[in-house]
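Reader: Please take a close look at one part of this model, namely how its secondary-structure elements pack against one another. I should like the geometry first, and then the residues that accompany it.

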Amino acid sequence: MKKNTILSLRVGFLISVLATTGSLFFSEVMRLPPCVLCWYQRICMYPLVVIFGVALFKGTKDSFKYSFALSLIGLMIAIYHTLLYYGVIPDSITPCTQGVSCTSKQIEWLGFITIPLLSLASFLILTILCFFALKKDSPNERQ
């Protein structure tokens, strides 16, 4: 396997581990209950740790196919959540009808870094990483 592929797998694994650990820290240590959209994003993020971890262990690059789908779905949810949180999308179309509101302000570091923004950054980096890894492996690039 090429050095770039190994580096991409390591970066993907590191980001997914940090995002998973961060979400668990917020909910289990800081006792901040996750909203519905946070749960959906967790559903997309948590398997990425296993996918990238197994890919690193086995030395396979096929994981980018699977992780791209999950990271893209997570990115779409994170974009929606971030726009909802910052008020670009009105609260009236929010899926959070029970439990914690998807727009409740729990953390704001430096006045703008929020949990939805952290999720958005993680999924954006993972999606870009997977996109370029898959693009390098396309049939047109091999010739």
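**Helix packing**

Author: Helix α1 passes helix α2 in a left-handed crossing (the near helix is turned anticlockwise from the far one by less than a right angle; clockwise would be right-handed). The model is a predicted one, in which local features require pLDDT of at least 70 and side-chain atom pairs pLDDT 80 or more, while totals for chains, interfaces and linings use all residues. Residues are numbered from 1 along each chain as its sequence is written, and side-chain values rest on heavy atoms, without hydrogens or water.

The setting for this crossing is a chain with five helices and zero strands (DSSP runs numbered from the N terminus: H or I of at least four residues, and E of at least two). In sequence order the pattern reads α-α-α-α-α. Of the 143 residues in the chain, 36% are buried (under 20% relative accessible area, against over 50% for exposed and partly exposed in between, with a 1.4 Å probe and protein chains only).

In the pairing of α1 with α2, α1 covers residues 3–29 and α2 covers residues 36–58. Their axes lie 8 Å apart, and the helices pack at an angle of about 140 degrees (axes are fitted to C-alpha atoms over the stretch in contact, and angles run from 0 to 180 degrees between N-to-C directions). The two helices are therefore oblique to each other (under 35 degrees is roughly parallel, over 145 roughly antiparallel, 65 to 115 roughly perpendicular, and the rest oblique).

The loop between α1 and α2 contains R31. Although R31 is not a glycine, its phi is positive, with a value near 60 degrees. R31 counts as exposed, because its relative accessibility is 63%.

Two residues, one from each of these helices, may be considered next. F52 is placed in helix α2, and with a relative accessibility of 0% it counts as buried. The C-alpha of F52 is 6.5 Å from that of G12, although 40 residues separate the two in sequence. S8 belongs to helix α1 and is likewise classed as buried, since its relative accessibility is 14%. Between S8 and K61, which are 53 residues apart along the chain, the C-alpha separation is 9.4 Å.

Helix α1 also has a crossing with α4. Here the axes come within 10 Å and the crossing angle is roughly 160 degrees, so α1 and α4 are roughly antiparallel to each other. This crossing of α1 and α4 is left-handed.

Helix α4 has a further crossing, with α3. Residues 63–85 form α3 and residues 115–136 form α4. The axes of α3 and α4 come within 8 Å of each other, and they cross at roughly 150 degrees. The consequence is that α3 and α4 are therefore roughly antiparallel. In handedness, α3 passes α4 in a left-handed crossing. The residues of this contact of α3 with α4 comprise 18 nonpolar, seven polar and one charged (nonpolar: Ala, Val, Leu, Ile, Met, Phe, Trp, Tyr, Cys and Pro; charged: Asp, Glu, Lys and Arg; polar: the others, Gly among them).

To draw the packing together, α1 makes a left-handed crossing with α2 and a left-handed crossing with α4, and the passage of α3 across α4 is left-handed as well. In orientation, α1 is oblique to α2, whereas it is roughly antiparallel to α4; α3 is roughly antiparallel to α4. Alongside this geometry, F52 in α2 is buried, S8 in α1 is buried, and R31 in the loop between α1 and α2 is exposed.
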